[in-house]
Each structure stands twice: as structure tokens, then as C-alpha cells.
Amino acid sequence: NDIGITRGSLSRIIDLKIFINDRFVDDYPADGMVVSTPTGSTAYNLSAGGPILDPATNVMAITPICPHSLYARSIVISGEDIIKIQIGENSSYDVILTIDGQMAYQLKNDDIVTVQKSNYTTSLIRTSHHSFYDILRKKIVGIGKWDKNMKVKRQSKILELINKYSIETQEELAERLKEAGYEVTQATISR
């Protein structure tokens with residue numbers, strides 16, 4: 001969904017060199033950089049001032065975190081592009097790579113982080129008839145009709161189907177959910 005490259009414990013900027021498809025884009029002196037898919041665009045990317053990406057699009061956003069430049073803005077690129085982020089030579093402070101906010105890795109000068117779309121996809125279960133924009137409006141703006149217990153209901157339905165039909169595979173679950181009137185969609189997974 002997203003990766004973040006951020007400075008560690010010291011409040012010093014880090015220099016990041018961005019390449020898209022091996023073409024140099026620019027140097028970014030900043031507190032860090034976020035690369036996100038449409039699914040991750042409403043998390044760290046949005047908090048850093050990046051754009052919201054429609055989940056039906058095949059794009060990624062590259063968003064600088066607190067850039068020390070007046071012209072540094074987010075860049076939206078094709079989901080097929082390959083991004084390389086090189087840690088600058090004078091970034092002698094802690095630099096951390098986080099993946100989906102779950103895994104963290106220490107980086108050092110001249111390390112290069114490569115980001116590209118996975119070859120693997122997974123089925124996502126849509127258990128309500130709310131559109132992406134209904135959900136976005138409720139989460140971001142806080143208005144619109146919304147069932148606060150939607151996650152609980154979705155999880156309960158999945159568990160009910162798994163137990164009722166002894167489901168063992170994702171494909172079986174997807175079929176049973178379709179039979180029950182739920183929409184099943186595809187999404188790219190990050191690991």
C-alpha cells in the first residue's frame with residue numbers, strides 16, 4: 001500500500017534522489033518521501049499532503065514529506081513505472097524505511113530503495129454497497145450515511161461462510177460471497 005522513507009531520531013533533513021524508470025527526476029531535501037498505491041493514498045500519503053488516488057486507477061503517488069523547497073510537490077505516475085530512491089551522501093543521520101507502517105529497516109548513505117508493482121494480486125471482498133467515495137466522504141469529511149459496525153458485520157459474514165461451508169481457499173470464499181450477493185474485487189498486494 002505504501003512505503004515511507006523518513007529521518008530517524010534527529011531533526012535533520014535527508015537528501016533523496018528520485019529516479020523513475022532509471023531517469024533522474026530531482027533531488028529532494030526533505031524529512032522523507034512516501035510512495036503509495038491508490039489503496040495507500042488515504043494514509044501517510046494524504047497526511048503528507050499527497051493526492052487521493054481512485055482505487056480503480058493503475059497509478060502510484062510519490063510525495064515528499066515536509067520538503068525544504070518551494071516547488072517540491074507530489075508526482076502521480078503509472079503503476080507500471082519503477083521508482084528508485086537513493087539516500088543522499090550527506091544523510092549521515094538515521095534514515096528509516098517503513099513498509100505499510102508494519103516493517104522497518106535502517107538505511108544508510110547511497111542505499112537505493114526500488115519500488116514497483118507486485119506481480120501478485122488478491123481478491124478483496126466488498127461487503128457493503130458503499131462506493132469508494134461514500135467511504136472517503138465519511139472517513140475524511142465525516143458526513144454521509146454510514147454503518148459504524150460495517151467491519152464487524154463484514155468479518156462476521158466471512159466467518160459465518162467459512163464455518164458453514166468449511167471453506168479452505170480464497171477462491172471458495174469469493175464464490176460463496178458472490179452467491180450471497182457480495183461484490184468481490186481484485187487488488188494488488190504489496191507482499
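Two aromatic pairs turn up when the whole of this predicted model is searched. In one of them, Phe132 and Tyr133 have ring centres 5.0 Å apart and planes at 75°. That angle is over 60 degrees, so the pair goes down as edge-to-face. Neither ring belongs to a buried residue: Phe132 comes out as partly exposed, with 22% relative accessibility, and Tyr133 is partly exposed too, at 45%. Aromatic rings also come up in a contact with a charge, where the charged end of Arg176 sits over the ring of Tyr165, 3.6 Å from the ring centre.

Next, the sheet. Six strands make up an open sheet with antiparallel pairing, and their order reads 6-5-4-1-8-9. The edges are taken by strand 6 (75-78) and strand 9 (103-107). Each of these has a single partner strand, so one side of each goes without a neighbour in the sheet. From one strand to the next, the twist averages 15°. Within this arrangement, strand 4 pairs with strand 5 (residues 59-65) over five bridges, in the antiparallel sense. Here Ser36 stands opposite Ala61 of strand 5.

Strand 4 (32-36) is followed by a loop that leads to helix 1 (44-47), and Thr39 is found in that loop. With a relative accessibility of 47%, Thr39 lands in the partly exposed class, because that class runs between 20% and 50%. Thr39 also has a partner from far along the chain: Asn1 is 38 residues away in sequence, yet the two C-alpha atoms are 5.7 Å apart in space.

As for the nonpolar interior, the largest core has 22 residues. The members that touch the most others in this core are Ile3, Ile5, Val35, Ile62, Ile83 and Ile85. At least two core residues come from each of strand 1 (2-7), strand 2 (14-20), strand 4, strand 5, strand 7 (83-87), strand 8 (95-99) and strand 10 (112-115). Strand 2 gives the most, with four residues. Apart from this core lies another one, of five residues, including Ile158, Leu161, Ile167 and Leu173.

Ile85 gives a fuller view of the contacts around one of those well-connected core members. Leaving out residues up to four places away in sequence, Ile85 touches Ile3, Ile5, Leu16, Lys17, Ile18, Met33, Val35, Asp111, Ile112 and Val113. Three of the names in that list, Ile3, Ile5 and Val35, are also among the core residues that touch the most other members.

Methods:
Residues numbered from 1 in each chain as written. Predicted model: local features only at pLDDT ≥ 70, side-chain atom pairs only at ≥ 80, totals over all residues. Heavy atoms only, no water. Buried < 20%, exposed > 50% of the residue type's maximum accessible area, 1.4 Å probe, protein only. Pairing = 2+ DSSP bridges. Axes fitted to C-alpha atoms, helices over the stretch in contact; angles between N-to-C directions. Core = buried A, V, L, I, M, F, W, Y, C linked by side-chain atoms within 4.5 Å. Contact = heavy atoms within 4.5 Å. Phe/Tyr/Trp six-rings, centres within 6.5 Å; stacked < 30°, edge-to-face > 60°. Lys NZ or Arg CZ within 6 Å of the ring centre and 35° of its normal.
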